[in-house]
Amino acid sequence: PAIFLDYFIKNSQKILENDNLSLKEALFQIKNYQDIYPTLSTKIYTTANIKGGVGKTILSVNIAHSFAIFKKKVLLIDLDPQANSTDYLEARNEKNINTLIEYYFKHKNFSKEVVKEVIVTKKFENATIDIIPAEIMFARNLEYARVTIDNPHKILKKLLDTIKQDYEFIIIDTPPSPGLAQQMALYTTDKIIVPTLPDEFSIDGLLDLIKETNYIKEEFDKENLEVSAIFINKVKPTNIVKANMEIIKEIANQTQIKNIYEIPESSRIIEAVNLKLPLLEYKPELDVNLKASENILQFVFNEIIKSCTVQDKEQK
């Protein structure tokens with residue numbers, strides 16, 4: 001998108017000597033992201049929807065990877081017992097999020113050393129992501145935590161308090177249900193990202209998530225909790241899709257959700273997932289014509305700039 005190249009050309013003339021660089025080439029040539037827009041405090045995002053099959057895992061992984069493309073220190077936390085983000089990044093590990101919750105049962109706290117033992121570092125050609133992987137037994141222990149632990153919704157926050165100073169952006173992938181894992185994430189997070197499909201059932205899931213968000217805001221005094229963006233996935237040029245997209249946009253308008261991104265249906269996204277690669281690591285020719293990667297990058301770029309602007313104001 002032009003916003004990237006315009007910004008980079010104005011602020012990095014020495015690096016970008018050719019104003020015809022592709023988006024991907026521009027991203028990979030600039031090395032001083034920290035100098036252009038330093039991140040001074042950790043920002044936490046949660047991808048969530050009550051409905052399954054809406055592209056939550058693909059979005060979580062690629063948002064995390066896009067932050068890492070900007071040379072940010074990124075942690076992806078897989079809270080879904082199905083471990084789809086874990087499998088996408090090939091990050092299965094004997095120690096995982098379930099190991100940490102079992103540790104909490106015994107000790108009622110976390111240490112940085114214990115948390116770091118479960119982190120898997122995934123290095124790609126152009127970015128590095130840390131992952132706290134999931135596994136199926138996590139679901140059983142969540143139910144145990146709900147009935148045996150005081151304020152179980154605070155467990156994830158306590159975990160992150162030990163390590164979040166090591167990261168600039170943390171992305172939490174949640175299961176498609178309003179259970180304890182989702183509550184822990186929403187209680188901990190700064191902003192919510194909602195993937196959805198342009199169909200009736202997914203719209204119902206979007207409405208349910210907005211209700212859940214309002215409940216968390218009231219129950220746990222998180223007045224600043226907000227939905228930062230909606231990503232409408234698998235968009236096709238049909239009348240029913242267009243009608244459902246108008247409904248989603250109206251819901252966003254009524255609930256003051258300003259950022260809506262459309263991701264066209266593409267077999268190339270599935271190809272990238274099958275190869276266990278984030279979109280920006282897959283096929284250089286996708287620079288121009290894969291709108292999914294462009295929209296995710298634009299969202300990430302805007303979030304980085306907004307966080308810097310907010311921090312500047314706070315410092316003043």
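Count up the secondary structure and you get 15 helices along with eight strands. Keep in mind as you look around that this is a predicted model. The protein has 316 residues, and 55% of them are buried. Its chain also brings far-off stretches together: take the contacts between residues at least 6 apart in sequence, and 79% of them join residues at least 24 apart. On the outside, the protein exposes about 14,800 Å², with carbon and sulfur atoms supplying 48% of that area.

Now for the hollows. Rolling a probe the size of a water molecule over the atoms shows where empty space is left. The largest pocket holds about 760 Å³ of space. To find it, look for Lys191, Asn224, Leu225, Glu226 and Val227, which lie nearest its centre among the 26 lining residues. Several elements each supply at least two residues of this lining: β1 (43–47), α11 (200–219), β7 (226–235) and α15 (291–315). As for its chemistry, the lining of the largest pocket splits into ten charged, nine polar and seven nonpolar residues.

The second largest pocket has about 550 Å³ of space. Here the lining runs to 30 residues, and those nearest the centre are Val54, Gly55, Lys56, Thr57 and Ile58. Among the elements that each give at least two residues to this lining are α4 (56–69), α5 (84–88), β8 (260–264) and α13 (267–274), and β7 and α15 are on the list too. The lining of the second largest pocket counts 14 nonpolar residues, nine polar and seven charged.

β7 and α15 come up again when you turn to the aromatic rings. A pair of aromatic rings is described by the distance of the centres and the angle of the planes. The whole structure contains twelve aromatic pairs. In one of them, phenylalanine 231 and tyrosine 261 are stacked, 4.8 Å centre to centre with 15 degrees between the planes. That pair ties together distant parts of the chain, since phenylalanine 231 sits in strand β7 and tyrosine 261 in strand β8, 30 residues apart. Phenylalanine 231 has 0% relative accessibility, so it counts as buried. Tyrosine 261 counts as buried as well, because its relative accessibility is 9%.

Phenylalanine 231 has another partner: with phenylalanine 299 it forms an edge-to-face pair, 5.6 Å centre to centre and 85 degrees between the planes. This pair also links distant parts of the chain, joining strand β7 to helix α15 across 68 residues. Phenylalanine 299 is buried, with a relative accessible area of 0%. Phe231, Tyr261 and Phe299 belong to one aromatic cluster, together with Tyr45, Phe67 and Phe169.

Notes. Residues numbered from 1 in each chain as written. Predicted model: local features only at pLDDT ≥ 70, side-chain atom pairs only at ≥ 80, totals over all residues. Heavy atoms only, no water. Helix = DSSP H or I, 4+ residues; strand = E, 2+ residues; numbered from the N terminus. Buried < 20%, exposed > 50% of the residue type's maximum accessible area, 1.4 Å probe, protein only. Contact = heavy atoms within 4.5 Å. Areas by Shrake-Rupley, 256 points an atom, 1.4 Å probe, with all protein chains shown as cover. 1 Å grid on protein atoms, 1.4 Å probe; cavity = no way out; pocket = protein on both sides within 12 Å on 5 of 7 lines; lining within 4 Å. Points joined across faces, edges and corners; volume = space filled by probe spheres on them. Nonpolar A, V, L, I, M, F, W, Y, C, P; charged D, E, K, R; others polar. Phe/Tyr/Trp six-rings, centres within 6.5 Å; stacked < 30°, edge-to-face > 60°.
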